[in-house]
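Please take a first look at the chain shown here, and then follow the text through some of its parts.

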Amino acid sequence: MNELQLINENGKIYVDSRQVAKMIGKRHDNLIRDIDGYVNILGQTSKLRTDNFFVKSSYQAGTGKTYPCYKLTRKGCDMVANKLTGEKGVLFTAEYVTKFEEMEKQLNQISEIKITEYQQKELEIRENEAKAKVAELWIKLGDRTNIPEYRQITDSYASLVLAGKPVLPLPEVKEKTYSAGEIGKILGVSANKIGRLANEFNLKTEKYGKYFYDKSQYSNKEVESFRYYNSAIDIFKELLA
């Protein structure tokens with residue numbers, strides 16, 4: 001007995017009627033006639049679709065002439081097998097049941113792999129969306145300040161979240177800075193005195209220092225405060241003199 005070769009068409013499994021005819025020892029034209037009869041009977045009721053059992057097809061012989069054939073589903077094989085008796089009927093039934101189960105198992109495994117891949121892609125999409133939202137928050141935080149270094153920091157963290165590795169460098173601290181209070185202690189005056197001199201002589205510029213965020217002395221809020229470079233200390237000394 002020849003081994004059945006199943007046909008997989010977009011996840012639907014069929015067997016060619018020519019193979020069935022060989023397995024059950026029947027002329028193919030006679031099997032086609034029997035199936036035509038089954039199809040006519042099934043077509044008389046709207047409850048049953050004939051293509052759930054048999055799908056009409058054709059093949060080309062070596063002579064170039066085209067002949068009709070059918071593609072049988074598992075239900076179609078069941079219908080043909082129910083009319084068979086004897087050894088050939090038993091062997092045909094055992095063969096098509098085994099082959100259909102094997103093919104269905106393979107298709108289920110492929111389907112499970114595809115679902116797993118789809119789920120993985122879904123997780124990756126959601127993870128990327130979450131990263132994009134975090135990066136957007138960092139950028140928005142940077143937009144709330146006029147301090148260039150802080151914007152550079154927030155942009156650096158945003159790029160780190162998106163790329164998973166440092167892309168934009170963090171700002172480097174090139175020179176030590178001093179608060180008005182620290183300079184006041186050095187020069188023996190109050191922080192307010194230093195602040196008044198800085199405002200009066202326009203010392204809060206990039207030449208003498210830069211703005212930072214610092215905790216307010218009077219609340220828990222973060223406020224912009226100016227910190228001075230070392231070169232500004234000499235200027236304050238001259239102004240105090």
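**A walk from the core outwards**

Leaving out residues up to four places away in sequence, Val-80 touches Val-20, Ile-24, Leu-31, Tyr-38, Phe-54, Leu-72 and Phe-92. The model in which these contacts are found is a predicted one.

Val-80 also belongs to the largest nonpolar core, a set of 26 residues in which Val-20, Ile-35, Phe-54, Leu-72, Val-80 and Phe-92 have the most contacts. The elements that contribute two or more residues to this core are β2 (12-16), α1, α2, β4, α3 and α4 (86-143), and the largest share, six residues, is given by α2. Apart from this core there is a second, separate one of 13 residues, whose members include Ile-194, Leu-197, Tyr-208 and Phe-236. Such groupings fit a general tendency: in soluble globular proteins, nonpolar side chains tend to be buried together.

Which residues of α2 are buried? They are His-28, Leu-31, Ile-32, Asp-34, Ile-35, Tyr-38, Val-39 and Leu-42. When the helix is viewed down its axis, these buried residues fall within an arc of 160 degrees, and therefore they line one face of α2. A general rule of helix geometry helps here: an α-helix has 3.6 residues a turn, so residues three or four places apart point the same way. The buried residues of α2 pack against α1 (17-24), β3 (54-60), β4 (66-72) and α3 (74-82), whereas on the other side of the helix Arg-33, Asn-40 and Ile-41 are exposed. The length of the helix can be checked as well: α2 runs over residues 28-42, and because each residue should add 1.5 Å, its 15 residues should span 21 Å, which agrees with the 21 Å between its end C-alpha atoms.

Two further residues can be considered one at a time. Glu-9 lies in strand β1, which covers residues 6-9, and with a relative accessibility of 33% Glu-9 counts as partly exposed. When its neighbours within four places in sequence are set aside, Glu-9 is in contact with Tyr-14 and Lys-71, and with the side chain of Lys-71 the side chain of Glu-9 makes a polar contact at 2.9 Å.

Asn-202, for its part, is placed in the loop between α7 (191-200) and β6 (209-215). Its relative accessibility is 55%, and since exposed means over 50%, Asn-202 counts as exposed. Although Asn-202 is not a glycine, the residue has a positive phi of about 50 degrees.

Notes: Residues are numbered from 1 along each chain as its sequence is written. This is a predicted model: local features need pLDDT of at least 70, side-chain atom pairs count only at pLDDT 80 or more; totals for chains, interfaces and linings use all residues. Side-chain values use heavy atoms; hydrogens and water are left out. Helices (H or I, at least four residues) and strands (E, at least two) are DSSP runs, numbered from the N terminus. Buried means under 20% relative accessible area, exposed over 50%, partly exposed in between (1.4 Å probe, protein chains only). Contact means heavy atoms within 4.5 Å. A polar contact is a pair of N or O atoms within 3.5 Å; within protein, one must be able to donate a hydrogen and the other to accept it, and residues adjacent in sequence count only if both atoms are side-chain atoms. The expected span of a helix is 1.5 Å times one less than its number of residues. The arc is that of the directions from the helix axis to the C-beta atoms. A nonpolar core is a set of buried Ala, Val, Leu, Ile, Met, Phe, Trp, Tyr and Cys residues joined through side-chain atoms within 4.5 Å.
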